[in-house]
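Open the model in your viewer and keep the sequence panel beside it. The stops below say what to select next and what is there.

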Amino acid sequence: MATAQLSHSLTVHKASKETVFPTQITNEHESVIMVKKLFATSVSCITYLRGLFPESSYGERHLDGLRLKILREDKRCPGSVHIVKWIQGCFDALEKRYLHMAVLTLYRNPKEPEKVTEIYQFKFKYSKEGATMDFDRSSASFEKGTKSKDIKKASVMMIRKLYMLMQNLGPLPNDVILTMKLHYYNSVTPRDYQPPGFKAGLNSRFLLFEGEPVDLQVGLVSTGFHSMKVKLTTESARVSDMERSLFQENNTTEIAHQGLDCDEEEEECNKHIQRLNFLCNQQNPESSRKKRKFSIPVKVFIP
């Protein structure tokens with residue numbers, strides 16, 4: 001959707017009894033609730049602090065001193081209605097354990113959707129054994145039987161880091177278009193499956209940045225049943241030196257500017273860099289039979 005960028009800021013609020021994340025995670029059902037809330041909170045944070053929707057499109061929740069803005073269906077802002085439906089579609093794919101990656105993309109020219117200005121990747125994995133947590137690239141990790149309080153602590157830290165990053169990024173162009181693509185695990189996803197609000201999409205060959213892109217790792221949270229990893233790619237001119245030191249991975253020379261966070265075995269990605277442009281093949285041309293299934297929104301543009 002085309003949007004004119006607004007300006008929002010994070011407000012610190014006194015502690016509240018309201019909770020965003022569940023206090024206990026002892027089974028897969030509680031885990032998927034946790035991951036869905038973490039995903040919805042992250043998308044809400046991004047759209048709010050990047051000024052994509054007006055204040056009326058958000059409700060308010062409190063989390064450990066943060067006053068969070070949670071996106072809701074605002075009839076006065078049709079764009080918010082569509083984003084909420086996209087989030088609900090992701091929930092359906094998460095519950096079925098089909099969703100591999102949700103990619104929130106911002107671009108400027110409706111005729112050139114492959115020429116992007118900012119990308120947010122949410123990568124999901126599923127497991128019934130063990131849990132590892134690497135939310136800040138430190139040595140922090142948890143073995144099988146991760147405690148709920150540790151998972152909540154890591155989730156709160158991820159949201160805080162995301163808020164800090166969003167508040168310090170340089171502004172977006174005055175008018176941007178927002179879309180979301182969903183990538184699936186081919187081995188378990190039915191060929192005809194489409195979550196609510198999405199339709200089958202043609203597998204585009206690449207994404208392109210006009211400027212110099214930089215990858216920022218926000219974090220990874222695991223529950224023992226699910227994990228969610230968040231990564232941002234934006235133009236380097238929007239990123240301060242402080243943000244580079246806090247969010248860029250160590251030794252990023254080989255992985256920077258490569259776009260979608262693809263494992264070769266899982267994604268069949270063939271990546272390369274050409275001049276200062278940003279390219280990421282989403283399939284190996286020689287392995288078209290193995291191209292990954294993905295979906296695009298039923299509705300993208302709002303008058």
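Contact in this tour means heavy atoms within 4.5 Å. Helices (H or I, at least four residues) and strands (E, at least two) are DSSP runs, numbered from the N terminus. This is a predicted model, in which local features need pLDDT of at least 70 and side-chain atom pairs count only at pLDDT 80 or more, while totals for chains, interfaces and linings use all residues. Residues are numbered from 1 along each chain as its sequence is written, and side-chain values use heavy atoms, with hydrogens and water left out.

**The whole chain**

Begin with the protein chain in cartoon view. Its secondary structure comes to five helices and 11 strands. Of its 303 residues, 53% count as buried (buried means under 20% relative accessible area, exposed over 50%, partly exposed in between, with a 1.4 Å probe and protein chains only). Among contacts between residues at least 6 apart in sequence, 73% join residues at least 24 apart.

**Helix α1**

Select residues 28–49, which form helix α1. This helix has 22 residues and reaches 31 Å from its first C-alpha to its last, close to the 32 Å expected at 1.5 Å a residue (the expected span is 1.5 Å times one less than the number of residues). Of the 22 residues in α1, 17 are buried.

Now look at the two ends. At the N-terminal end, N27 caps α1, with a side-chain oxygen 3.1 Å from the backbone nitrogen of H29. After α1 comes G51, whose phi is positive, near 70 degrees.

Stay in α1 and select T47. Is T47 buried or exposed? With 0% relative accessibility, T47 counts as buried. Its side chain makes a polar contact with the side chain of Y58, at 2.9 Å. A polar contact is a pair of N or O atoms within 3.5 Å; within protein, one must be able to donate a hydrogen and the other to accept it, and residues adjacent in sequence count only if both atoms are side-chain atoms. Leaving aside neighbours within four places in sequence, T47 is in contact with L52, F53, Y58 and L71.

**α1 against α2**

Add residues 78–95, helix α2, to the selection. α1 and α2 pack at an angle of about 155 degrees, with their axes 11 Å apart. That makes α1 roughly antiparallel to α2. Axes here are lines fitted to C-alpha atoms, for helices over the stretch in contact, and angles run from 0 to 180 degrees between N-to-C directions. Angles under 35 degrees count as roughly parallel, over 145 as roughly antiparallel, 65 to 115 as roughly perpendicular and the rest as oblique.

Which residues meet between α1 and α2? From α1 come V32, V35, K36, F39, A40 and V43, and from α2 come I83, I87, C90, F91, L94 and E95.

α2 itself has 18 residues, of which 14 are buried, so this helix is largely enclosed by the rest of the structure. Just after α2, select R97, in the loop between α2 and β4 (99–107). R97 has a positive phi of about 65 degrees although it is not a glycine. At 23% relative accessibility, R97 counts as partly exposed.

**α1 against α3**

Hide α2 and show residues 148–168, helix α3. α1 and α3 pack at an angle of about 15 degrees, with their axes 9 Å apart. The two helices are therefore roughly parallel to each other. The contact is made by residues including M34, L38 and T41 of α1 and I151, S155 and M158 of α3.

**H226 beside α1**

Next, select H226 in strand β10 (residues 226–235). H226 is buried, with a relative accessible area of 4%. H226 and S31 are 195 residues apart in sequence and 6.7 Å apart in space, C-alpha to C-alpha. Their side chains make a polar contact at 2.6 Å. Not counting residues up to four places away in sequence, H226 touches several residues, among them E28, V32, K125 and V221.

**K293**

Finish at K293, in the loop between α5 (264–267) and β11 (294–297). At 16% relative accessibility, K293 counts as buried. Where does its side chain reach? The side chain of K293 reaches the backbone oxygen of Y193 at 2.7 Å. The C-alpha atoms of K293 and L182, 111 residues apart along the chain, are separated by 8.5 Å.
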